[in-house]
Amino acid sequence: SGDTDNGLYYAGTNSIGLATAGTNAILIDSASNVGIGTTSPDSLLDLEFANSRMRFEQESGSNRPVIRGTRTSDKANRAFSIGGSDISFLIGSTATAALTSADEKVRIDSSGRLLVGTSTSREIGGLSSTRLQIEGTDGTGSSASLINNQNSLGSPSLSFGKSRGTSLNSNTIVQNNDTLGSLLWVGADGTDLTSYAASINCQVDGTPGSNDMPGRLVFSTT
């Protein structure tokens, strides 16, 4: 009791600690919080290092488990939050910012959609379940970049592929007039985002064969 040099020691009412060579190694407090590298854990599992901290806890007022990481240098609060089947990555302004007031940067929802800049999926161009959605309030926040740094003829690319198979990794041959990919421009009409203004479609233009894929580009405007 009271000896914190080595072994177990009394750390207060209903609390116990484990020290090695005079340094606190593990402490379990009266609230059943476990601290490693700290004598004052404030979550179920609190890990502290020289310049960083990791906590495993439950968000206040909800049943969402949270992994929260803090860097001592900038005090930015970064956390993964799991609510239901959704997973979010959030950044708060301070090390103690509540997740409810933190800025959510990325969400993977229960349908497997990756949402950047928004926590709610919505329909665009008649497609309600697109897997990647980026939404913002300016050009930068609603744009994506593909950049290649390579000392050769290589370039960044965006590829569209289609087969007539009904399972993943299928190579079932496509047919004449099949659309292989589309670029769509859609504008809000005051009700929704389903009205097309223009499109560019790549379609099969003939009968495909082995290593032979005839195609055409169709440019359309309303």
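Here are some numbered notes on this predicted model, for someone looking at the structure afresh.

1. Start with the overall make-up. The protein chain has 15 strands and zero helices. So when you scroll along the ribbon, expect strands and the stretches that join them, with no helix to use as a landmark.

2. Next, how the chain packs. Of the 222 residues in the protein chain, 25% are buried. Among contacts with a separation of 6 or more, 12% are between residues 24 or more positions apart. As for the surface, the protein chain exposes about 14700 Å², and 52% of that comes from carbon and sulfur atoms.

3. A good place to zoom in is the sheet made by β13, β14 and β15. These three strands form an open sheet in the order β13-β14-β15, with antiparallel pairing. β13 (179-187) and β15 (215-221) are the edge strands; each has a single partner strand, so one side of each has no neighbour in the sheet. On average, neighbouring strands here are turned by 10 degrees against each other, if you ignore direction.

4. Now the two pairings inside that sheet. Eight bridges join β13 to β14, and the two run antiparallel. To find this pairing on screen, look for Gly187, which stands opposite Ser195 in β14. On the other side, seven bridges join β14 (residues 195-204) to β15, again antiparallel. Two pairs to pick out there are Gln203, opposite Arg216 in β15, and Asn201, whose bridge partner in β15 is Val218.

5. Gln203 deserves a closer look. Is this residue of strand β14 buried or exposed? Gln203 has a relative accessible area of 16%, and buried means under 20%, so Gln203 counts as buried. Leaving out residues up to four places away in sequence, Gln203 touches Asn177, Asp178, Thr179, Leu180, Pro214, Gly215, Arg216 and Val218. Arg216 is on that list and is also the residue standing opposite Gln203 in β15.

6. Then there is the largest pocket. Its volume is about 1100 Å³. The lining of the largest pocket consists of 24 residues, and those nearest its centre are Ile124, Leu132, Gln133, Ile134 and Leu184. Two elements, β12 (132-134) and β13, give two or more residues to this lining. Which element gives the most to the lining of the largest pocket? That is β13, with five residues. So β13 is worth colouring twice: as an edge strand of the sheet, and as a contributor to the pocket lining.

7. Last, a loop residue. Ile173 is found in the loop between β12 and β13. Its relative accessibility is 48%, so Ile173 is classed as partly exposed. Apart from neighbours within four places in sequence, Ile173 is in contact with Arg164 and Pro208. Pro208 is 35 residues away along the chain, yet the C-alpha atoms of Ile173 and Pro208 are separated by 7.5 Å.

How values were computed. Residues numbered from 1 in each chain as written. Predicted model: local features only at pLDDT ≥ 70, side-chain atom pairs only at ≥ 80, totals over all residues. Heavy atoms only, no water. Helix = DSSP H or I, 4+ residues; strand = E, 2+ residues; numbered from the N terminus. Buried < 20%, exposed > 50% of the residue type's maximum accessible area, 1.4 Å probe, protein only. Contact = heavy atoms within 4.5 Å. Areas by Shrake-Rupley, 256 points an atom, 1.4 Å probe, with all protein chains shown as cover. Pairing = 2+ DSSP bridges. Axes fitted to C-alpha atoms, helices over the stretch in contact; angles between N-to-C directions. 1 Å grid on protein atoms, 1.4 Å probe; cavity = no way out; pocket = protein on both sides within 12 Å on 5 of 7 lines; lining within 4 Å. Points joined across faces, edges and corners; volume = space filled by probe spheres on them.
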